[in-house]
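Before reading on, please keep the sequence and the three-dimensional view side by side. The paragraphs below go from the whole chain to one sheet, then to a helix that packs on the sheet, and finally to some salt bridges.

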Amino acid sequence: SLGSGTEGYDVYISVKDMLEIAKSTSLAVHVHALSQRKRSSTNLTFSENSFRAKSNKDTKMQIASNAMKSSLEGLQISNTNGIAAKAKLLRTAAKKKGNIEVLRQMLDEIGDEFPSLMEVQEYGLGGIDKNALHIAAWKGDMEAMKLLIDRGKEFGLDLVNKISVGAGNYGKTPVFYSLTQCRGDAVMMLVENGADLLIVNNKGQTPCSIAVSHLTPEICRILDDVEASQIQAGGVFKNYRATHSDRRRYGDLDPRFEIDEDNMGDDLIPQLEKYHIVVRAAVDDAIVMECESDDIRSIVQSTAVPGLPRSIRPTLRHWNLLPHERDENAKAMKASKVQKQPERKSKKAEKQDIVVEDEINYDSLERLSFNNTQIFGNNHLIRVIENNSGIDELCRAIDDSITASSNTNTAKNTLASSDLNFLLNSWGLDAEWQPSHTRGYETPVATLQLHHTQSNSSFLLDVQRLFQSGVADANANLTETERRLSDALTKIFSGSNPILGFGIAMDLGKLAASFPHVPCFRRFENVIDLHSVSRNVYAGSAKSFMSSLQKMVAVLLDKRLDKTEQCSNWENRPLTDSQIDYALLDAAVLPSLLRRMICDDESIVEKYDGKFIYNHPHLCSTTKLICLGGIGDDFSCPPQLAFRVPNGSCKLHLQQVMSRQTWTTGKDEPKPPEKLSTAAQESVALSRRPKEKRSKQHKSDQSVNNGKKVKKKTVKLNKISIDFDKIPHPGTVIDYTKDSCIHELVGEQFLESLKQNNSRLGYNKRGGVLTFENVFCLFVNFAMTKSGSQPLNWLYRNEFLNEGRVMTFKVNVDRDDERTLSDFFRIHRRSNDTKKVLLFSRTGSNTKFMFCGECSCSEQIESGGYINLHLELMDFNKLIEDGENGNTSMFKHMVLTHDAAKLTSS
């Protein structure tokens, strides 16, 4: 329908009639069946504006298939110039199932050129490293495979045993392509047509070794029998791993052939020992005594020995399985693996549904070690840089990496090199700093970790010692140590070596804000964020799939990244060995994760011809950071909003206004940040004023039932009993709100039951005393400001007494809950079996609540309508216990902060 905007001049014509008219007037229009929503009436009028077009996955796939078929139908291969162009067009036709008629028409047109179009060129020169049958076998298109095989037989071609010759697929016949996609029917068809199984591809795999983890046991037994018959007929293995290795590590290896140093790993040692035991038992002892190991290997390869393990390091990518296959294989997979990926949903469905996070059993996983991060087999080198001699060693390592980078031609403007070369010259980056439990308060970076992939060298830079701290002036003079280290790091950060990180933007921003006077932290070239890479590689997965480094390690490496030291005291010196290992491991594991995503996944390698990064240039970015001043400067709006930042934004870090600009490496650099005029700042400040509170009930208190909003039922706290066995340990830091403390006490299971019953908890969120059936909860706020002082006019002025053993708590007797608490203490003075008093406290509204355990009341002092309770902390000894690494307990820190604020106020 066409609406002109003027009554009486609107046009309606059915889609069918419109397409028929278009088809009759233009040769470029093709009419195909479309999925359409059923309607009670086909005579739509302008007023019927509720029409919704149906759009689902099947419809989109059908449209895409029709579009591709139409594009192929419109092309004539006979009119295409050049063998390479015709071969590419033929492969395109074989790539999509359902194009059998188009493919048959092409084969008829090319006639005698067919043999030349099925040839391949060494290492894919000219873009032809595999032919149409390889593609059809990979897709599992049985009709296309049969058509190509039969046409090849007409020309006397043995296409079934034609190998591909690309750098990443050398020695793979069509049966390999069907195997890697778990297409058992296609494999059997190729075997019936004479597929040679005596081939080792350049990964070290044979058809029988891949089949172990990709096909059913029945098909594996058939392949074993076929291989044995080919050996008995005098067949000999062709080993392309020995002649055309790509020097990468793979799984599904055949143990009958020598495992080279690139494929070798600690995980293979027990598997190879088991294999050799079976060999010794199967081969005559006399032969074993007389022969060398290479001779025994030749005997095993040339003899069909029953019972031999067919595969070592078996692998199967669970995300390539169909839903029913995932269920069948779930028991065989480790509990730590992600059992099932959520199905891809429409954007509308994603907004409506809550995506449940994949469950990963971290406790069942083996702990990650440096041995698991090795890529190229070099011995791992660890160095802690804290003085000039360490800086000398780091400088030499950086210079060596730059030389190696130039040798492999991975320069800034030549990122078209393979992903493996890109990875080879990369540096992993991570940083650690003292965690803060105070909102708005940050600590500077304490350590910087770097890991060079090719040399397998890890460096921990003790920047807390090497750089001046607390320098706010970006133009401050550098010490000699700072100058040397900055010059060395600039070669990495602003050079051609890729910089890898996970959530790396936070690390770079903290480094620049911690040391604004150090030039090397102002610009970073060729930055790769692994989280962004995962979102591109696994585009159909949930957002939470690899939302943390620990999850990524669990999913990709099947290991547990121990985070015990994450919240330890990074300002204490010397650092402990466990802190050093933890910090370096976070940087050392990054290259292994990137390799697993883009180099070890065969489907990714084949799809992008080993150049995933080149085909996704937006993943390689440049970041520029500038210190624009302190928050105490003269601004008419929030300082982070006082600047116009092209390709970026401003944030507050360590009381500094930091701008961050990010753009794709190789693109033009954006203009520098520009400070807004005073009038513009005032306009921004005006637009940021909080909106007036609405009288309508909060959305969270309502639910939807048949399109109508229904108010949730309220469950009072005094009807809820707390399980004392599940309360937090004294000294546990909870969160910033009372809600979080209440949720910690009632538990997730109870909260879930509330949701199911369309209910919510009802209590006074501004009250200092909340009453459960068997518990009083007290919330104490010392109201300290960021400057470390207490306001003099603070009505509920609470204090620590007796070195923190006693805490004062003022109650208002006009409030029911507070008067009930006072009456309870007058009778009982302390908690009992039927009612306990639990205490939560914090230094100010910008800090988190801490659970202080049970308390009793030693004294009540009345004053002007208020009562001051003197609360004795029954769990005081537990609260003052220091952490395992000598970290001062948070409760001690709270008491000391209070005492300092008390002195300041006085």
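How many helices and strands are there in the protein? This is a predicted model, and in it the protein has 33 helices and 26 strands. Of its 906 residues, 45% are buried, and the exposed surface comes to about 47,300 Å², of which carbon and sulfur atoms supply 49%. Among the contacts with a separation of 6 or more, 70% are made by residues 24 or more positions apart.

A good place to begin in detail is an open sheet of nine strands, in which the pairing is mixed and the order runs β4-β7-β6-β5-β8-β9-β11-β14-β13. The edge strands, each of which pairs on one side only, are β4, residues 381–385, and β13, residues 648–653. Direction ignored, neighbouring strands of this sheet are turned by 30 degrees against each other on average. Within the sheet, β11 (residues 620–630) and β14 (residues 656–664) are antiparallel partners joined over eight bridges, and here lysine 624 stands opposite glutamine 661 of β14.

Which helices pack on this sheet? One of them is α22, residues 504–514, which touches β5, β6, β8, β9, β11, β13 and β14, and whose direction makes about 60 degrees with that of β5. Another is α23, residues 530–537, which touches β8 and β9 and has a direction at about 40 degrees to that of β9. Helix α22 is largely enclosed by the rest of the structure, because nine of its eleven residues are buried. The buried residues of α22 include the charged residues Asp507 and Lys510, and they also include Ile504, Leu508 and Leu511; the list is completed by Gly509, Ala512, Ala513 and Ser514.

The structure also holds 40 salt bridges, and a few of them can be followed residue by residue. In one, the side chains of glutamate 154 and arginine 151 meet at 3.5 Å, N to O. Why are these two residues, glutamate 154 and arginine 151, separated by about one helical turn? The reason is that they lie three residues apart in helix α7, which spans residues 142–154. An α-helix has 3.6 residues a turn, so residues three or four places apart point the same way. The two partners nevertheless have opposite surroundings: glutamate 154 is exposed, because its relative accessible area of 61% is over 50%, whereas arginine 151 is buried, because its relative accessible area of 15% is under 20%.

A second group of salt bridges links distant parts of the chain. Aspartate 224 and arginine 310 meet through their side chains at 3.4 Å, N to O; aspartate 224 belongs to helix α11 (residues 217–232), while arginine 310, 86 residues apart from it, sits in the loop between α15 (293–302) and α16 (323–329). Arginine 310 also forms a salt bridge with glutamate 227, with the closest N and O atoms 2.7 Å apart. This pair again links the loop between α15 and α16 to helix α11, here across 83 residues. Are arginine 310 and glutamate 227 buried or exposed? Both arginine 310 and glutamate 227 are buried. Through shared partners, salt bridges join Arg310, Asp224 and Glu227 with Asp254 and Arg256 into one network.

Methods: Residues are numbered from 1 along each chain as its sequence is written. This is a predicted model: local features need pLDDT of at least 70, side-chain atom pairs count only at pLDDT 80 or more; totals for chains, interfaces and linings use all residues. Side-chain values use heavy atoms; hydrogens and water are left out. Two strands pair if DSSP finds at least two bridges between them. Helices (H or I, at least four residues) and strands (E, at least two) are DSSP runs, numbered from the N terminus. Axes are lines fitted to C-alpha atoms, for helices over the stretch in contact, and angles run from 0 to 180 degrees between N-to-C directions. Contact means heavy atoms within 4.5 Å. Buried means under 20% relative accessible area, exposed over 50%, partly exposed in between (1.4 Å probe, protein chains only). Accessible areas come from the Shrake-Rupley method with a 1.4 Å probe; for residues, only the protein chains shown count as cover. A salt bridge is a side-chain nitrogen of Lys or Arg within 4 Å of a carboxyl oxygen of Asp or Glu.
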